Structure formats: C-alpha cells, structure tokens
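Thanks for coming, everyone. I have one structure to walk you through today, so let me put it on the screen.

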Amino acid sequence: GVPASWIVASDTILSVPESIELKNPVLYPNPVKNTLTIQASKPILNYKVYDVLGRLLYESKQDSNTIKADWSLYPKGIYYISISNENGYSTKKVIKQ
C-alpha cells in the first residue's frame with residue numbers, strides 16, 4: 001500500500017507517455033569539446049543536462065529544431081542529455097573531452 005503520509009494523485013497534465021521516443025535526434029560532435037549541436041525533425045521544447053549520478057546540471061526551454069550548446073565550461077566526463085518535443089523525449093549519452 002501507500003504510506004499514510006502520501007497523497008495519491010492522478011494528474012494527466014504532468015504525465016508523459018514513457019513509451020514515446022523522439023525519432024533520431026542527432027547530437028554531434030560526440031565526444032564534444034566546446035560546442036554541442038543537437039538537431040531534431042520537430043522543434044525541441046526542452047533540453048536538460050545530467051551528470052553521471054543523475055543530478056540536473058542545466059535546463060533550457062527551447063523552440064528550435066537545432067540547438068548549439070556551449071560545453072566549454074563542463075569538466076571532462078560522461079553526461080546525459082534529455083531532449084523533448086511534441087513527439088516525446090530522448091536521452092543520449094555525451095562524452096566531454
């Protein structure tokens with residue numbers, strides 16, 4: 001069961017169908033040094049960067065098919081980028097050199 005201190009709520013506005021993935025977003029170059037380009041067939045609405053531990057490092061609202069992101073200040077390592085648009089979402093691994 002659900003702990004008594006929790007409130008069970010159903011809110012369709014917040015739910016995202018987990019089975020829907022973006023069709024082939026393109027991220028390059030990967031590994032990245034300074035500028036990462038992200039392209040999708042439909043405008044990208046949200047762009048998030050997470051570290052390898054899942055901590056959100058950066059979030060940006062967008063409305064563009066192409067994003068050029070400055071990665072020059074990120075330390076070397078592995079990151080995960082989550083992008084979403086009207087079709088769904090996709091998470092990709094990016095290596096910073």
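Let's begin with two aromatic residues: tryptophan 71 is buried, and tyrosine 79 is buried as well. Please keep in mind throughout that this is a predicted model.

Now for the strands. Strand β1 covers residues 26-28 and strand β2 covers residues 35-51, and the two pair in the antiparallel sense over 3 bridges. If you want a landmark there, find valine 26, which sits opposite glutamine 39 in β2. The connection from β1 to β2 is a hairpin, with 6 residues making the link.

Moving along the chain, we come to strand β3, residues 56-70. β2 and β3 run antiparallel, and 11 bridges join them. This is a hairpin too, with 4 residues between the strands. Do look at glycine 54 in that turn, since its phi is positive, at about 90 degrees.

β2 has another partner to show you. Strand β4, residues 77-85, is joined to β2 by 6 bridges, and again the two run antiparallel.

So which residues stand opposite tyrosine 47 in β3 and β4? In β3, the residue opposite tyrosine 47 is serine 60. In β4, the bridge partner of tyrosine 47 is isoleucine 83.

While we are at tyrosine 47, is its side chain buried or exposed? Tyrosine 47 has a relative accessibility of 2%, and because buried means under 20%, it counts as buried. Tyrosine 58, on the other hand, comes out at 37%; that lies between 20% and 50%, so tyrosine 58 counts as partly exposed.

I bring up those two tyrosines for a reason that has to do with rings. How many aromatic pairs does the structure hold? There are 4 of them. One is formed by tyrosine 47 and tyrosine 58: the ring centres are 5.7 Å apart and the planes meet at 65 degrees, which is over 60, so we call this pair edge-to-face. The pair links distant parts of the chain, with tyrosine 47 in strand β2 and tyrosine 58 in strand β3, 11 residues apart.

Another edge-to-face pair takes us back to where we started. Tryptophan 71 and tyrosine 79 have 5.3 Å from centre to centre, with 90 degrees between their planes. Bring in Tyr74 as well, and you have a cluster: ring pairs link Trp71, Tyr74 and Tyr79.

That's my tour, and I'm happy to rotate the view for anyone who would like another look.

Note on methods:
Residues numbered from 1 in each chain as written. Predicted model: local features only at pLDDT ≥ 70, side-chain atom pairs only at ≥ 80, totals over all residues. Heavy atoms only, no water. Pairing = 2+ DSSP bridges. Phe/Tyr/Trp six-rings, centres within 6.5 Å; stacked < 30°, edge-to-face > 60°. Buried < 20%, exposed > 50% of the residue type's maximum accessible area, 1.4 Å probe, protein only.
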